Amino acid sequence: MANGILIVDKPAGWTSQDVVSKLRGVLHERRVGHGGTLDPMATGVLPVFFGRATRAVEFFEHAEKAYLATLRLGTVTDTQDTTGTVLETRPVDVTEARLREVLEEFTGEIEQIPPMYSAIKVGGKKLYELARSGRDIPRKPRRITVFSIELREFDGTDAALYIHCSKGTYVRTLCHDLGAALGCGGCMAALRRVQAGAYTLDQSVPLEEIINNPDPAALLLPTDSLFAAHPAATLNAEQERRCRNGAEFSARLGDGTWRLYGANGEFLALAAANAGRVKTIKSFF
């Protein structure tokens, strides 16, 4: 039985669900989930959770992300990336200085209207299903945070960007909106996720390597790696008994969130300590 988190370097052309379905068979584990959808054209960091680790997916939903993206100016498409139908082409006369000014305007808390080609549901239907049938319906803007946008390269048409942003950010919509603000239109030409929460590209394994590995379970990271930023505590026998029974218990722990371990080193739970009392947030034993 596979339990843990696999950091996949997703290849282009696969949906996140394609990866999950493939790995469900490779690791022979029914309980599998992923941490943050990547578009088929995108590559990079995709954490996939197996077995008991699927209980941790909910804690990953709010993780910040970092991307390397290519903004292509002068082209507007229906999907806001180069996989879609071209709606407009416009001349581009944008200086690097002007581009940097506009990037600064899109840094911080901003509102973003989700694209029609997305999996958001409206009235029980996914937006991309409505878009494919030719419908374009009003969408409410969402508040997101773009912590930073760094311009790495610019050739006058294509701009290589490093983007650090909050959950729920559509990078292709960001590219579309940047193009609109520059007056020439724009779309996303490439996307690679280089970090998701605490997990980086250096930790990721190409999907093909996982599939061909004789022991893919050996590539799994432990579930508690997701909570590495929180302090750890080892419980005594009575505390462990109460923790395993879902009961509160006393412990000399500072207020805050803790990783709890049994005497044998097993990761038991993520817990909240307050005024010497400890209560389980989520158990993983």
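# Notebook: ring pairs and salt bridges

I began with the aromatic side chains and noted that Phe-59, Phe-227, Tyr-261, Phe-267 and Phe-284 are joined into a cluster by ring pairs. I keep in mind that the model I am reading is a predicted one.

Next I looked up the total for such contacts, and the count comes to 7 aromatic pairs. I took the pair of Phe-59 and Phe-227, whose ring centres are 5.5 Å apart with the planes at 85 degrees, and since planes over 60 degrees apart count as edge-to-face, I entered the pair under that name. I then traced where the two rings sit: Phe-59 belongs to helix H2 (residues 57-60), while Phe-227 is in the loop between helix H6 (207-212) and strand S15 (232-234), so this contact ties together parts that are 168 residues apart in sequence. For accessibility I wrote down that Phe-59 is partly exposed, at a relative accessible area of 28%, whereas Phe-227 is buried, at 4%.

I stayed with Phe-227 and found that Phe-227 also pairs with Phe-284, in a tilted arrangement with 5.7 Å from centre to centre and 45 degrees between the planes. Phe-284 lies in the segment after strand S19 (277-283), and the two residues of this pair are 57 residues apart. I recorded both Phe-227 and Phe-284 as buried.

I turned to the charged side chains, where the count comes to 16 salt bridges. I looked up Arg-72 and Asp-158, whose closest N and O atoms are 2.9 Å apart in a salt bridge. This pair links distant parts of the chain, with Arg-72 in strand S4 (residues 65-73) and Asp-158 in strand S11 (residues 158-165), 86 residues apart. I noted Arg-72 as partly exposed, with a relative accessible area of 31%.

My next entry is the salt bridge between Arg-143 and Glu-109, at 3.3 Å from N to O. Here strand S10 (residues 142-154) supplies Arg-143 and strand S7 (residues 108-112) supplies Glu-109, 34 residues apart, and I marked both residues as exposed.

I then followed Arg-244, which forms a salt bridge with Glu-266, the closest N and O atoms being 2.7 Å apart. Arg-244 is in helix H7 (residues 237-244) and Glu-266 in the loop between strand S17 (256-261) and strand S18 (267-274), so the pair ties together parts that are 22 residues apart in sequence. I found Glu-266 partly exposed at 27% relative accessible area, and Arg-244 partly exposed at 32%. I also saw that the charged end of Arg-244 sits over the ring of Phe-285, 5.1 Å from its centre.

Last, I noted a network of salt bridges that links Arg-98, Glu-101 and Glu-105.

Methods: Residues numbered from 1 in each chain as written. Predicted model: local features only at pLDDT ≥ 70, side-chain atom pairs only at ≥ 80, totals over all residues. Heavy atoms only, no water. Salt bridge = Lys/Arg side-chain N within 4 Å of Asp/Glu carboxyl O. Helix = DSSP H or I, 4+ residues; strand = E, 2+ residues; numbered from the N terminus. Buried < 20%, exposed > 50% of the residue type's maximum accessible area, 1.4 Å probe, protein only. Phe/Tyr/Trp six-rings, centres within 6.5 Å; stacked < 30°, edge-to-face > 60°. Lys NZ or Arg CZ within 6 Å of the ring centre and 35° of its normal.
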